[in-house]
Amino acid sequence: MNTLRFLLLCIILFSFTSCRTDMDFEPVAQSLRFSADTVYLDPVFSETQSSSYLVKIYNTSNKNIKIPQLTLGKGEQSYFNLLVEGQTGKQFSNVELLAKDSLYVFVHTLGKADPKTTEFIYTDQLRVMGNTQPQSIELVTLIKDAYFLHPGKVEQQVLHSVKLADETTIEGFYLGDTNVHTKNTLHLDHTKPYVVYGYAIIPENQTLYLAAGTQLYFHENSGIIGLKGSAIQAQGTLEKPIVFRHDRLEASYAYTAGQWSGIRLQNPGSSTLDHVRIEQAKIGLYLDHAVDFTLKNTQLYNHSYTALEAINSTIVGQNIVAATTQNATVVLRGGGNYLFQHCTFSTSGFRPDQHALRIDNSTATPFTRILIQNSLIHSAIAQSFAFTGDEAPAHVRFDSNALKDTSKRNTTSSVYNYDNESMYHNNIFLNTPALATIDFQDPKKNLFYYSSLMTHLIGKGNRAIAASVPQDLNGKDRRNAPDLGAYQHIETTKE
C-alpha cells in the first residue's frame with residue numbers, strides 16, 4: 001500500500017512540473033527598457049583597454065523572453081567589446097531574460113588611433129534585434145593617439161637590471177635604445193602624449209630633454225629611473241606645462257594616489273624642472289645626492305607616500321606646490337643644502353604624524369643649509385613641520401613664513417626652540433582658530449590658491465625675498481605686496 005501511495009505521489013508531482021510554463025522563453029515582442037540612451041566612455045589611449053561600463057536591459061513584461069540578436073552595430077570591426085553573462089564578444093544570439101528581470105551588459109573600448117589625427121571621437125551602437133522594431137544605445141568614446149615607450153615586444157625585449165641605492169634591484173629599458181621608439185627618446189616633444197610601460201632608465205651621464213607641453217602617462221609599476229650623472233631638463237611654460245601622471249584617463253582616477261612609481265634620480269647632474277606637474281605616484285620626485293637641482297613652478301599632487309623626498313641634495317625650489325599626500329608631504333634627510341622660496345607645502349591628513357615638512361636630522365650627515373622663505377607650510381591637524389632626532393638640525397632658518405605650531409612653546413629645551421631668532425624670523429604662527437583657517441579654493445581638486453578672505457596671509461611676504469621670485473605660479477606679479485606661498489590670492493571667495 002505504501003508503494004502504491006508513493007507511485008501516485010510521483011505521478012501527481014510529475015504532472016505539475018510538466019505543466020510549468022515559467023521557464024519557457026518567447027521571442028521578444030515588445031520594446032525593452034535601457035538604463036541609458038547613450039553611454040559615454042572615458043577617453044582612452046590607442047590600443048589601451050578602458051574600464052568597463054555597465055548597461056542594464058530591463059524586461060518589464062510578465063513573460064520570459066529571448067533576445068534573438070544582441071550585437072554591436074559595427075560587428076566584429078567595432079572597437080567596443082561586450083561582456084554578457086560571463087562571455088566576451090561583439091555579437092550574441094538567443095539571450096534569455098526572465099520576466100521582470102534585467103540583463104547586465106558590460107562595455108569597454110580597445111580602440112586604434114586614426115593616422116590622420118591625434119585624437120578623435122569614436123561611436124557605435126549596442127543593438128537589440130528581434131521580432132519588434134530594433135532598439136539601440138549609442139556608445140561614445142574619445143580615442144587618443146600616443147607614442148608608447150616600453151622594452152619592446154616580448155620576444156625582442158631588451159631589459160637592464162639596475163641596483164638602486166637602497167639595494168633594490170629593478171629591471172627597465174634604457175631611453176635611447178632603438179627598440180623603444182623610432183625617435184631619439186632622450187628628446188621628447190609635445191606632438192603626441194607618451195605612454196610608458198615599465199621603468200624608463202636615463203643612462204649614466206645622459207640628459208632627458210622634455211619640450212614644453214610634453215605629456216607622459218605611466219602604467220602601473222612604471223616610472224623613470226636616472227642613473228649616476230644623468231639629468232632632466234624639463235622646460236615647460238604656463239600655457240604648456242609638462243605633465244607626469246598615470247595612464248588611466250577615467251575621471252574616477254583623476255585624484256587617485258599611488259598609480260605609478262614616480263621619478264627617482266640617483267646622483268643626478270645639473271637638472272631643471274620648470275612648469276611641471278607630477279601627479280598620482282607613490283613618491284612623486286625622489287632625489288638622491290642631487291648636486292644642482294632647480295625646481296620652479298612645479299606642482300606635486302596625490303602621492304601615496306611623499307611628494308618630494310631628497311637625500312643629501314642641493315635644491316633651489318621656487319613656486320612649488322606640494323600637497324595631497326598620505327604621509328609627510330616633503331621629506332629632507334641625510335644632509336644637504338636647500339633653499340625654498342614662495343612654496344606651498346600642505347597636508348590635509350588627520351593623523352598627528354602627517355606633516356607638511358619633515359626634516360630628518362643626523363649628526364653623521366648634518367645639513368649645510370635649510371632656508372625657507374615667504375612660504376606657507378600648512379597641515380590640517382599635525383604641526384606643520386617636524387624634526388626627527390634629539391635636537392634641531394643646525395643651519396635651519398624659517399624666514400617670513402606661515403607655520404602651524406602644536407608643540408609646547410614655553411619650554412626652551414624643545415627641539416623647536418622658537419625663541420632662537422637665528423632659526424625663526426618674522427614668521428606667522430597659525431595657532432589660533434582664526435589664523436589656522438586656510439581658505440584654499442578646492443584642495444580636493446588640487447586648487448591651492450586662497451581667496452581675499454585670508455587677510456592674515458595677504459601681503460605678509462618679505463618684498464626683498466619676493467624680488468627674486470617676482471611672479472607667482474600663475475604668472476601674477478607679486479613684487480609690490482607679496483602673499484605667502486606659491487600663489488597670490490584671488491579677489492573672490494570660494495565658488
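Here are some short questions and answers about this predicted model.

Q: Why is Glu 85 called exposed?
A: The relative accessibility of Glu 85 is 57%, and exposed means over 50%, so Glu 85 counts as exposed.

Q: Where is Glu 85 found?
A: Look at the loop between strand 7 (80-84) and strand 8 (87-89); that's where Glu 85 is found.

Q: What makes the phi of Glu 85 worth a second look?
A: Phi of Glu 85 is near 50°, which is a positive value, and the residue is something other than glycine.

Q: Why does His 275 count as buried?
A: Buried means under 20% relative accessible area. His 275 comes in at 16%, so it counts as buried.

Q: Which strand holds His 275?
A: His 275 is found in strand 25, which covers residues 271-279. Phi of His 275 is near 55°, again a positive value in a residue other than glycine.

Q: Why is Ser 468 called partly exposed?
A: The cut-offs are under 20% for buried and over 50% for exposed, with partly exposed in between. Ser 468 has a relative accessible area of 39%, so partly exposed is the right label. As for its place in the chain, Ser 468 is in the segment after helix 3 (463-466).

Q: What does Ser 468 touch, leaving out residues up to four places away in sequence?
A: Ser 468 touches Gln 318 and Gln 341. A touch here takes heavy atoms within 4.5 Å.

Q: How do you know that the side chains of Ser 468 and Gln 341 make a polar contact?
A: A polar contact needs a pair of N or O atoms within 3.5 Å, one able to donate a hydrogen and the other to accept it. The side chains of Ser 468 and Gln 341 are listed with a polar contact at 3.5 Å.

Q: What backbone oxygen does the side chain of Ser 468 reach?
A: That would be the backbone oxygen of Ile 465, at 2.7 Å.

Q: What separates the C-alpha atoms of Ser 468 and Arg 479?
A: Along the chain these two residues are 11 apart, and in space their C-alpha atoms are separated by 9.1 Å.

Q: How many helices and strands are in the protein?
A: Zooming out, the protein has 3 helices and 40 strands. Of its 495 residues, 51% count as buried. Among contacts between residues at least 6 apart in sequence, 63% join residues at least 24 apart.

Q: What supplies the area that the protein exposes?
A: The protein exposes about 23200 Å², and carbon and sulfur atoms supply 51% of it.

Methods. Residues are numbered from 1 along each chain as its sequence is written. This is a predicted model: local features need pLDDT of at least 70, side-chain atom pairs count only at pLDDT 80 or more; totals for chains, interfaces and linings use all residues. Side-chain values use heavy atoms; hydrogens and water are left out. Helices (H or I, at least four residues) and strands (E, at least two) are DSSP runs, numbered from the N terminus. Buried means under 20% relative accessible area, exposed over 50%, partly exposed in between (1.4 Å probe, protein chains only). Accessible areas come from the Shrake-Rupley method with a 1.4 Å probe; for residues, only the protein chains shown count as cover.
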